[in-house]
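Work through the exercises below with the structure open beside the text. Each task is followed by a solution in steps.

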Amino acid sequence: MPSVAMVSRLRRGDLFFSRLRRQLAVAVCPFTSSAAAHDGGTGVSGPHLPVLIVGAGPVGLVLSMLLTKFGIKCAVLEKSLSFSRHPQAHFINNRSMEIFRKLDGLSEEIESSQPPVDLWRKFIYCTSLSGSILGSVDHMQPEDFEKVNSPVCVAHLSQYKLVNLLLKKLEKLGMHVYPQDLSDDWEPDSPLEKRILMGHECTSIQPTNEGVIVTARVHNGTKVEERRFHCSILIASDGARSTIRRLVGVDMKGERGLQELISVHFMSMDLGKFLLKNRPGMLFFVFNQDTIGVLVAHHLEQGEFVLQIPYYPPQQNYQDFSPQACEKIISKLVGWAPQDVQVLDIKPWVMHAEVAEKYLTCNDRVILVGDAAHRFPPAGGFGMNTGIQDVHNIAWKIFYFLNEVASSSLLRTYESERRPIAISNTNLSVENFKAAMSVPSALGLDPTVANSVHRAINTGLGSIIPKNMQKAVLEGIFSIGRAQLSDYVLNEKNPVGVMRLEKLKRIFAEGKSLQLQFPAHDLGFCYKEGAIVADTSEDTQNCNRAGSGTVSREYIPTGRPGSRLPHMHVKPFTAASTKETLSTLDLVSGDKPEFLLIIAPLKASYHIARVILTKAEELQVLLKVCVIWPQYSCQSRSTGSRTELKPWKNYMDVEELKKERSWWDMCRLTNNGVLLVRPDEHIAWRTESDKVADAVLEAEKVLSQVLGL
Ligand SMILES: Cc1cc2nc3c(=O)[nH]c(=O)nc-3n(C[C@H](O)[C@H](O)[C@H](O)COP(=O)(O)OP(=O)(O)OC[C@H]3O[C@@H](n4cnc5c(N)ncnc54)[C@H](O)[C@@H]3O)c2cc1C
């Protein structure tokens with residue numbers, strides 16, 4: 001058995017070798033010149049910042065908040081002069097809401113800022129917003145409100161409103177937004193941490209021995225200047241068209257250009273009031289003879305909408321979608337002309353389904369997160385949510401790496417854990433996008449035909465049909481297609497119409513149209529390898545990922561390593577009233593990157609806890625113990641685990657609340673169970689204390705494996 005001193009020598013040796021490896025790797029990094037090995041030839045010496053985040057979208061901002069809470073100095077560079085108001089994402093899934101719950105109560109603010117759930121729980125399919133309803137699907141289940149699987153519910157809030165809430169939280173942590181012209185006082189040595197620097201576009205990067213030098217172009221009034229920043233770790237959260245991803249030469253893998261769309265952000269109180277009264281919903285799929293579109297009701301009470309219209313360039317061009325043209329399309333979708341439509345923004349965008357081939361490059365100093373690492377169809381709302389969960393995964397790893405507790409192999413587990421999840425979510429989004437297409441297909445409008453016709457005109461037929469006629473030909477073909485949606489075809493007296501409407505009913509009843517909630521993927525995503533001690537048990541339900549065979553939508557709680565800690569209500573021994581309960585997720589700190597060891601009050605489990613507390617302290621790993629007592633353990637309340645865990649103070653005693661299902665049963669363990677939970681609430685290791693022969697050896701093995709020592 002290695003002694004404690006030997007293990008710590010090994011660890012120091014590991015760090016030495018990892019530094020040596022870093023230096024050797026710098027020599028082969030494509031950006032490095034011999035000058036760059038010292039200061040990049042820029043005159044910027046030594047890292048100014050532990051972490052520089054490029055891109056102040058939701059993902060970059062959430063990471064800046066997590067790192068600031070953990071005491072890691074960081075700054076954010078944002079190329080735009082102001083934050084975008086175009087509301088892209090709006091659906092916040094369960095897991096993201098759990099993460100937001102730990103960000104100083106952000107989830108509560110989201111809940112109070114969002115519209116009431118009854119106004120957005122449905123998707124409605126219709127011939128116009130005031131015409132016949134072809135079907136409607138309710139996406140909320142009773143268990144969502146009962147909070148069975150999670151202490152929070154999914155939410156619906158526009159991305160820019162979420163960003164505003166995040167900025168307010170960051171302000172409270174001392175992280176401020178600096179317009180580029182107010183940063184005139186900037187000197188190469190100015191302290192940068194806690195700044196969100198607007199108008200700073202990252203244009204080049206250069207690795208050094210200690211990290212990365214980032215050059216940003218700053219548009220300062222009439223003059224453009226360049227500023228350089230030296231950081232230990234560079235985070236690329238610069239979105240789907242990431243400059244950093246291009247600079248480091250990382251390719252994307254998957255399907256490109258699934259669909260092109262025009263996104264029209266507009267306000268109309270008239271339309272809001274009409275839908276509130278007649279058919280409240282989140283998404284409206286409108287199919288009629290004149291036009292086809294998807295309306296996203298961001299906030300019915302505020303009359304805020306985004307319309308998505310299929311777009312076929314180069315025959316159609318962006319200029320065709322003037323505000324006036326968009327207003328006409330809106331009237332055709334509504335079925336009457338709202339008088340107060342105010343078009344705020346019109347944006348073309350392309351739907352891809354791609355994941356970056358690598359998440360870490362340049363000697364693990366450049367890390368891709370969010371849309372820079374993956375871009376999916378928005379079907380199912382996985383884009384931003386996956387990005388938020390990416391940074392929740394990397395934040396604690398950055399902490400232990402920068403504090404030299406762990407080597408860069410811990411950082412690399414970010415890729416082995418998160419990349420498979422992005423691939424799975426990409427597959428799921430594509431499947432869900434196809435499900436969305438099943439409705440127009442059932443109506444006799446096969447969107448794949450439209451895309452094929454468009455492709456044919458752009459390739460083969462393009463040489464036969466004169467350019468100035470292509471648009472008319474394309475629109476002619478589309479309007480013939482849309483004739484399938486005429487009242488003449490789609491009615492109860494026409495046998496074709498009857499057959500199509502029947503088919504539609506079946507699609508909705510069988511849940512085969514576009515879905516909003518995927519609990520097995522949202523809460524049940526599970527890391528198979530990475531900063532965990534993988535388990536060989538058969539308990540793999542939630543590890544069935546999209547694209548890998550059978551996909552279950554049901555979330556099944558489990559204590560399997562790699563899974564998110566299951567949620568169950570428990571009562572702290574210190575609770576003053578029976579109403580004072582916690583979720584097991586609350587046992588993990590949101591303010592520091594602390595591991596949590598969960599045990600039952602048994603001799604053998606206490607022994608393991610004492611050994612792990614000792615080992616963690618030696619390695620400078622933050623760790624707390626939670627002892628889960630069976631229900632009605634009142635007689636033990638006065639002493640709790642004090643005697644058994646003496647002299648340690650970082651523990652808490654809680655008791656189960658529900659008699660019908662015990663915590664250990666939920667985790668698929670007996671009450672000899674021991675669970676080690678990471679700071680991101682994913683289970684790192686589980687065992688049964690009566691099966692551990694040598695607790696010291698086991699503790700060393702487990703912590704070394706999880707931290708990649
Ligand atoms: C129509 C639509 C609906 C969607 N709905 C949902 C949904 O309901 N739920 C969901 O989870 N997701 C949804 N998404 C996806 C979601 O919008 C994205 O996944 C999310 O914006 C990604 O966040 P991010 O911070 O990674 O990137 P972004 O939000 O793109 O932010 C990147 C930031 O980096 C900045 N930047 C870019 N280049 C540079 C540079 N060189 N230097 C400095 N700064 C730079 C940009 O200006 C931008 O501010 C939707 C997307 C679309 C298009």
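**Exercise 1. Ring clusters and a charge over a ring**

Task: Find which residues ring pairs link into a cluster, and state where R195 lies with respect to Y178.

Solution. The model is a predicted one. Step 1: the cluster that ring pairs build consists of F70, W396, F399, Y400 and F595. Step 2: R195 is placed over the face of Y178, 4.3 Å from the ring centre.

**Exercise 2. Two aromatic pairs**

Task: Classify the pair of Y125 and F285, then the pair of F382 and F518, from the ring geometry.

Solution. Step 1: searching the whole structure gives 15 aromatic pairs. Step 2: for Y125 and F285, the centres are 4.6 Å apart and the planes make 10 degrees, and this pair is stacked. The cut-off for stacked is under 30 degrees between the planes.

Step 3: locate the two residues. Y125 belongs to strand 4 (residues 122-126) and F285 to strand 13 (residues 283-287), so the pair links distant parts of the chain, 160 residues apart. Step 4: check the burial of each residue. Y125 has a relative accessible area of 1% and is buried; F285, at 8%, is buried too.

Step 5: turn to F382 and F518. Their ring centres are 5.9 Å apart and their planes are at 50 degrees, so this pair is tilted. Step 6: F382 is in the loop between strand 19 (374-375) and helix 10 (383-402), while F518 is in the loop between helix 14 (495-509) and helix 15 (519-522); the pair therefore ties together parts 136 residues apart in sequence. Step 7: F382 counts as buried because its relative accessibility is 4%, and F518 is buried with a relative accessible area of 7%.

**Exercise 3. The open sheet**

Task: Give the strand order of the open sheet of eight strands, name its edge strands, and say which helix packs on the sheet.

Solution. Step 1: the order is 5-4-13-14-15-12-16-19, and the pairing is mixed. Step 2: strand 5 (133-138) and strand 19 are the edges, since each of them pairs on one side only. Step 3: take one pairing inside the sheet. Strand 12 (residues 252-267) and strand 16 (residues 342-356) run antiparallel and are joined by 13 bridges. One residue pair is Q259 with its bridge partner M351 in strand 16.

Step 4: the helix is helix 11 (residues 408-442), which touches strand 4, strand 12, strand 13, strand 16 and strand 19. The direction of helix 11 makes about 125 degrees with that of strand 16.

**Exercise 4. Strand 13 and its neighbours**

Task: Describe how strand 13 is covered and how it pairs with strand 4 and with strand 14.

Solution. Step 1: five of the five residues of strand 13 are buried. Step 2: sort them by face. L283, F285 and F287 are on one side, F284 and V286 on the other, and both faces are covered.

Step 3: on the side of strand 4, the two strands run parallel and four bridges join them. C126 is opposite V286 of strand 13. Step 4: with strand 14 (residues 292-299), strand 13 runs antiparallel, and the two are joined by five bridges. Here L283 is opposite V296 of strand 14. Step 5: the connection from strand 13 to strand 14 is a hairpin through four residues.

**Exercise 5. Backbone exceptions**

Task: Which peptide bond is cis, and what phi do N363 and D364 have?

Solution. Step 1: recall the background. Most peptide bonds are trans, and most residues other than glycine have a negative phi. Step 2: the bond from K646 to P647 is cis, with omega near 5 degrees. P647 sits in the loop between helix 17 (642-645) and strand 24 (651-656).

Step 3: N363 is not a glycine, yet its phi is positive, about 60 degrees. N363 is found in the loop between strand 17 (360-361) and strand 18 (366-368). D364, also not a glycine, has a positive phi of about 65 degrees, and D364 lies in the loop between strand 17 and strand 18. Step 4: compare accessibility. N363 is partly exposed because its relative accessible area is 24%, whereas D364, at 9%, is buried.

**Exercise 6. Two helices**

Task: Are helix 3 and helix 4 roughly parallel or oblique to each other?

Solution. Step 1: the axes of helix 3 (residues 94-101) and helix 4 (residues 106-113) come within 6 Å and cross at roughly 120 degrees. Step 2: the two helices are therefore oblique to each other. Step 3: at the contact, M97, F100 and R101 of helix 3 meet L106, S107, I110 and E111 of helix 4.

Terms used:
Residues numbered from 1 in each chain as written. Predicted model: local features only at pLDDT ≥ 70, side-chain atom pairs only at ≥ 80, totals over all residues. Heavy atoms only, no water. Phe/Tyr/Trp six-rings, centres within 6.5 Å; stacked < 30°, edge-to-face > 60°. Buried < 20%, exposed > 50% of the residue type's maximum accessible area, 1.4 Å probe, protein only. Lys NZ or Arg CZ within 6 Å of the ring centre and 35° of its normal. Pairing = 2+ DSSP bridges. Contact = heavy atoms within 4.5 Å. Axes fitted to C-alpha atoms, helices over the stretch in contact; angles between N-to-C directions. Parallel < 35°, antiparallel > 145°, perpendicular 65-115°, else oblique.
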